[in-house]
Amino acid sequence: MARTIVLAGALDTKGEDFLFVKSLLKARGFRVLVVDIGVLGEPKFPPDIPSAEVARAGGDDLEQLRAARDKTRAMRVMTEGLTRVVRQLYEEGRLDGILGMGGSGGTAVITAAMRGLPIGVPKVMVSTVASGDVSAYVGTRDIVMFPSIVDVAGINRISRQIYTNAAGAIAGMVRARERMPAITADKPIIVASMFGNTTPCVDRVRERMEQAGYEVLVFHATGTGGRIMEMLIEEGFVDAVADITTTELADEIAGGVLSAGPDRLFAAARKGLPTVLVPGCVDMVNFWARSTVPEHYRSRLLYEWNPNVTLMRTTPEENRRIGEWIARAANASTGPVAILLPLKGVSMLDSPGEPFWDPEADRACYEAIKANVRPGIPVFELDHNINDTEFADYVADTLLRLIEQAKAKA
């Protein structure tokens, strides 16, 4: 049975481009369902779902939108409308993948609808803004941003190649899912946070938990990784949490580039999941290349992790605030939680003889945790570095014990 690819965009201004891509996808044997989000004028060819229908789904009338000439209102209506239309198509089994094309406005509307689809559904956005910071468009979803190189404004020797590649990309993604191995049995899911500086610990914990019959999803603590992990916890996909790398707290406090926001750590607390908390990599704040470090931080201890990433050692005061944050999250938990403190350092760089080794700063974090955590929450101080096998095993053993506690209570 032929798969269906949804093609979304403004047919009034970019109809020629969409007609070309539609022909490419049909030539590959796909059904193509075209959704128009154009507001300014009539489409260059008849869509399967007209913009008037999208506007109605967004709670407004297309003719009134045109008459009002209010771009903000039109963007809001078409965003809400397309999100509902696309989600309904998916739920009806009429969407196996989605391809959008547009400038900044079209990208905002179409990627909002893409973010309403589950992870794993193929999503490709050909965009004029794809080569910049696309975090606002991608969010926590698996959207592939495809630079258009030239504007989405007609077929030429450049756009013809870009559109052909984009059509091939979405086609390959949809067909690849047909050959994806079936999952024979669902295992309970544990999420874990990781950085390069905590990889040995997380790898060991993952191996131990997999041996115990769990599936472990590891998230890189880059801001986006933390937000995605929190989202999956909030949406009920997760059974337990090994939050080993809480470095995103340091970026939120000190203004680094990898913050996951002020709600980091709290999804598990709200869900009452068995959780082990570790102040992993809280010795570092992340910036891009050294030249991007703010002027007022230039005199601080800096370490070039690679040409594009510069790490700044946190101070005792910053570590105190991180410790208070970890304690607040533990205190808010409605399920079993434990905090593990590695006394010989929270990262590879924070170990005896390494550049970020600073027992005073680490101690400020640990003392803040112990001073603020409520009675009954265990805090274990271990005479190991976070990456020592003994510490990793203690994390795994503690989490397994908390899981059993939760089962007994249930």
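## The closed-off cavity

By class, 7 nonpolar residues, 2 polar ones and no charged ones line the largest cavity in this predicted model. The residues in that lining are Leu265, Ala268, Ala269, Thr275, Leu277, Ala329, Ala330, Ser333 and Val337. If you want to find the spot by its secondary structure, look for α11 (266–271), β9 and α12, since each of them supplies at least two residues of the lining.

How much space lies in the largest cavity? About 40 Å³. A search of the whole structure turns up 1 cavity of 30 Å³ or more. As for how such gaps show up, rolling a probe the size of a water molecule over the atoms reveals where empty space is left.

## The largest pocket

Now for the open kind of space. The largest pocket has a volume of about 590 Å³. It is lined by 25 residues, and the closest to its centre are Ile37, Val39, Leu40, Lys71 and Met75. The lining is a mix: 11 residues are nonpolar, 8 are polar and 6 are charged.

Which elements each supply at least two residues of this pocket's lining? They are α1 (11–27), α3 (62–68), α4 (71–91), β3 (97–102) and α5 (104–115). The largest share comes from α5, with 5 residues.

## Two nonpolar cores

The largest nonpolar core holds 34 residues, and the ones with the most contacts inside it are Val35, Met78, Leu82, Leu89, Leu95 and Met145. Helices and strands both chip in: β1 (4–9), β2 (31–36), α2 (51–57), α3, α4, α5 and α6 (135–138) give two or more residues to this core. Its largest share, 7 residues, comes from α4.

Zoom in on methionine 145 for a moment. Setting aside residues up to four places away in sequence, Met145 touches Thr107, Thr111, Met125, Ser127, Ala130, Val134, Tyr137 and Val138. There is also a second, separate core of 29 residues, and its members include Val282, Phe287, Ile322 and Ala329. You may recognise Ala329, as this alanine also lines the largest cavity.

## Strands side by side

Start with β1 and β2. These two run parallel and are joined by 6 bridges. One pairing to look for is valine 6, whose bridge partner in β2 is leucine 33. Strand β2 is mostly covered, with 5 of its 6 residues buried.

Next, try β8 (residues 240–243). Strand β6 (residues 189–194) runs parallel to β8, with 3 bridges joining them, and valine 191 has valine 241 as its bridge partner in β8. Strand β9 (residues 275–277) also pairs with β8 in the parallel sense, over 3 bridges. Here alanine 242 stands opposite valine 276.

Which way do the residues of β8 point? Ala240 and Ala242 point one way, while Val241 and Asp243 point the other way, and all are buried.

## Two residues to look up

Is glutamate 318 buried or exposed? Glutamate 318 has 10% relative accessibility, so it counts as buried, because the cut-off for buried is under 20%. This glutamate sits in helix α12 (residues 316–332). Leaving aside neighbours within four places in sequence, glutamate 318 is in contact with Ile253, Ala254, Tyr297, Arg300 and Arg313.

Leucine 19, found in helix α1, has 45% relative accessibility, so it counts as partly exposed. That label covers values between the 20% and 50% cut-offs. Leucine 19 and valine 34 are 15 residues apart in sequence, and their C-alpha atoms are 9.4 Å apart in space.

## The whole chain

Time to zoom out. The chain has 14 helices and 14 strands, and its C-alpha atoms fill a box of roughly 70 × 50 × 40 Å along the principal axes. Of the 410 residues in the chain, 53% are buried.

What about links between distant parts of the sequence? Take the contacts between residues at least 6 apart in sequence: 72% of them join residues at least 24 apart.

Methods. Residues numbered from 1 in each chain as written. Predicted model: local features only at pLDDT ≥ 70, side-chain atom pairs only at ≥ 80, totals over all residues. Heavy atoms only, no water. 1 Å grid on protein atoms, 1.4 Å probe; cavity = no way out; pocket = protein on both sides within 12 Å on 5 of 7 lines; lining within 4 Å. Points joined across faces, edges and corners; volume = space filled by probe spheres on them. Helix = DSSP H or I, 4+ residues; strand = E, 2+ residues; numbered from the N terminus. Nonpolar A, V, L, I, M, F, W, Y, C, P; charged D, E, K, R; others polar. Core = buried A, V, L, I, M, F, W, Y, C linked by side-chain atoms within 4.5 Å. Buried < 20%, exposed > 50% of the residue type's maximum accessible area, 1.4 Å probe, protein only. Contact = heavy atoms within 4.5 Å. Pairing = 2+ DSSP bridges.
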